[in-house]
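Colleague: Got a minute to go through this model with me? I'd like to hear how the pieces pack.

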Amino acid sequence: MLEEYARFTDSGTLRELELIARKLRGVKVLHVNSTKVGGGVAEILHRLVPLMNELGIECHWEVIRGDENFFRVTKKIHNLLHMPDKVSLSYEDILTYMRYTYENLSRVDTDPYDIVFIHDPQPLGLIVKKRPGQRWVWRCHIDVSSPDEETWRFVETFVNGYDAAIFHIPEFVKDGVRVPTFIIPPSIDPLHDKNRELERDFVVSTLERLGIDPGKPIVLQVSRFDRLKDPFGVIEAYRIVKRRMDCQLVLAGSFASDDPEGEEVYREVLKAKGEDPDIHVLNLPPDSHLEINALQRAAAVVVQKSIREGFGLVVSEGMWKGKPVVGSNIGGIRRQIIHGITGYLVNSTEGTAFRVKQLLADGDLRRRLGENARERVRHSFLIIRHLKDYLIVLLTLLEGREKPVDLLHAP
Amino acid sequence: MSEFRFRSELWTAQYTGVKANTLGSFLKALKELDDDTIYYHLYRNMFEYHFFPTDYWNSFSYWFAENGFPVLAEKFSAIDLIGCVCLADIREEMVRILEREGYSFDKLCKPFYFIRTVRKVVDLGITARNLSEFREGLRRVGIHSLFYHLITSRLVHCSPMNDFSRWLAEIGEEKKAEEINSIDLFSTSLYRVKEEILKILES
């Protein structure tokens, strides 16, 4: 599998990874998260775990269990770590979290491993199982820089029990994190259906199937129906562009059946679209990877006008397809787009419209920025770079490991 | 005759926990943080963007520009990072620039997050005993290896010459050594640098 990535990397990279991995032969690694399907974490682990095994590192992946009640609480924790809300974590919520954590302690066998990666807050409490000599790493995929303070205080006790943490960007790190913190941005997989090369015929037929005119320039935003992705701002920007330039806007996303707000936002977006036949609001099933891929390849300009964003890997997905991306000047989007070189960073609806117009008007500019964008992703946001980062973290943590204390035979 | 061993370097980033939101706190951090942090912002940053014509060559300059210090941004970008032999000299030079002018050290800025590099060097198992073997070896290695031999290793050893040039001089190829040592690594991509070195070796 590793060799399939050779065409996306610099000639020496795979060899270097193999050499680094040799130093980790015999090391056992476990990843723990809360789901095998859906979401960016599962997507990355599906590829990262077999790649690590191929490099000779024994790597396993376990998923914690819980019922609806547990996941309601962990979703609440997730949201409150992201930003404060009217209601903080309740005593009952904490009890629920601890009860299921306790149950998972006996379900997830962490003892045989040298390094345990815990992804996100759901399995965070498993740290109490850490045995001497092991290294535990909390891989945080969310922005916890300005959380609900009470929720953070609850989580902080666990976090600082780890040997290290990993965040996407330093801006996401809360001041109270006192363990060594690595900064590792997420990545996309060029071999995934979302990103692999597609035949032009497939792209065109997908557009036709979705009722989109393949002959008219497409401005695209891919995101779930969420106010924080500002679909209304995108429509407003499109209307400014449309006064001078003929184009069509595609807002492609999905909402889960159990997300009442998503459905509400979707309806509001449909209302905002009005009778404009050139605005396409597509509510696609969550596994519509090939369709999203086709839309990104067909787009003239990709937009990501989020108000707040985890990392916004969808930006890299667009860039990987050689598209200039006009994105909000925030968080992870700032990290991906180099202003004026791979796309544009914008701070307003008007700014979005201005840059979209500029790009629609100039095919050479689109091509040049798009080529740079693809190169930027190839160098910095593909899964091979992610794998490299993990190997360095493994080596660093194991080098600093003191000998395990043998409690059974201690004098 | 001595043997040249091609090595490479892989790295990741670690947050120091230090952030600056004024020029004053930036200067303090600049004086106190370790060399691996200075290295990250001045050199590793270059590697991330080496194939693009970016406005500045280091993250310090971007921060200055974003916070209304365009002169500092230019001055920091113009520091001769290849000419400087070791990081202590560069650090001194940066501190001098900051202290020389009458900047407002209390003005509130967007935070700057100091990151340090965590590096791991690997021996690629490729060696050269003469010019032709060296050329072949260079063809086989990637840009991480180039970065290590041309930049990191030179800084680690506080040497005015990069590894390639030092070895070439040792085997009597002083002219080639000098030509390779004078390549401006900051004006082009490392892919082009590799081509340029191969051309020099073939001439």
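Modeller: Sure, we can take the sheets, then the helix pairs, then the domains.

Modeller: Ground rules up front: this is a predicted model, where local features need pLDDT of at least 70, side-chain atom pairs count only at pLDDT 80 or more, and totals for chains, interfaces and linings use all residues. Residues are numbered from 1 along each chain as its sequence is written, while chains are lettered from A and ligands numbered from 1 in the order in which they are written.

Colleague: OK, sheets. What's the strand order in the open sheet of eight strands?

Modeller: The order is β2(A)-β1(A)-β3(A)-β4(A)-β5(A)-β6(A)-β1(B)-β2(B), and the pairing is mixed. Strands here are DSSP E runs of at least two residues, helices are H or I runs of at least four, and both are numbered from the N terminus. Two strands pair if DSSP finds at least two bridges between them.

Colleague: And which strands stand at the edges?

Modeller: β2 (58-63) of chain A and β2 of chain B; each has a single partner strand, so one side of each is left without a neighbour in the sheet. Neighbouring strands are turned by 25° against each other on average, direction ignored.

Colleague: How do β6 of chain A and β1(B) run, parallel or antiparallel?

Modeller: Antiparallel, with three bridges joining β6 (residues 181-183) of chain A to β1(B). I183(A) has A13(B) as its bridge partner there. Back inside chain A, β1 (residues 28-33) and β3 (residues 115-119) run parallel with four bridges, and L30(A) is partnered with V116(A).

Colleague: Which helix packs on that sheet?

Modeller: Helix α14 (residues 383-399) of chain A does, touching β1, β3, β4 (135-139), β5 (164-167) and β6 of chain A together with β1 and β2 of chain B. Its direction makes about 80° with that of β1(B). For these angles, axes are lines fitted to C-alpha atoms, for helices over the stretch in contact, and the values run from 0 to 180 degrees between N-to-C directions.

Colleague: Staying with the two chains, how many residues does the contact take from each?

Modeller: It takes 22 residues from chain B and 27 residues from chain A. A contact means that the C-beta atoms, placed from the backbone, lie within 7 Å. On the chain B side, β1 (4-20), β2 (112-128) and α7 each supply at least two residues, and β1(B) gives the most, with seven. By class, that side has 13 nonpolar, seven polar and two charged residues. Ala, Val, Leu, Ile, Met, Phe, Trp, Tyr, Cys and Pro count as nonpolar, Asp, Glu, Lys and Arg as charged, and the others, Gly among them, as polar.

Colleague: What about the open sheet of six strands in chain A?

Modeller: That one has the order β9-β8-β7-β10-β11-β12, with parallel pairing. β9 (279-283) and β12 (343-346) of chain A are its edges, each with a single partner strand, so one side of each is left without a neighbour in the sheet. The average turn between neighbouring strands is 20°, direction ignored. Five bridges join β7 (residues 218-222) to β8 (residues 248-253) of chain A, and V219(A) has L249(A) as its bridge partner. Helix α9 (residues 289-298) of chain A lies across β7, β8 and β10 (301-304), at about 140° to β7(A).

Colleague: Switching to helix pairs: at what angle do α7 and α12 of chain A pack?

Modeller: About 50°, with the axes of α7 (residues 231-242) and α12 (residues 349-361) 8 Å apart. They are therefore oblique to each other; under 35 degrees counts as roughly parallel, over 145 as roughly antiparallel, 65 to 115 as roughly perpendicular and the rest as oblique. Residues in the contact include A237(A) and I240(A) of α7(A), and A353(A) and V356(A) of α12(A).

Colleague: Last topic, which domains does chain B have?

Modeller: Domain 1 (4-8 + 122-202) and domain 2 (10-116), with bounds from an automatic or database domain assignment. Their centres, taken over C-alpha atoms, are separated by 27 Å. At the contact, 15 residues of domain 1 of chain B meet 13 residues of domain 2 of chain B.
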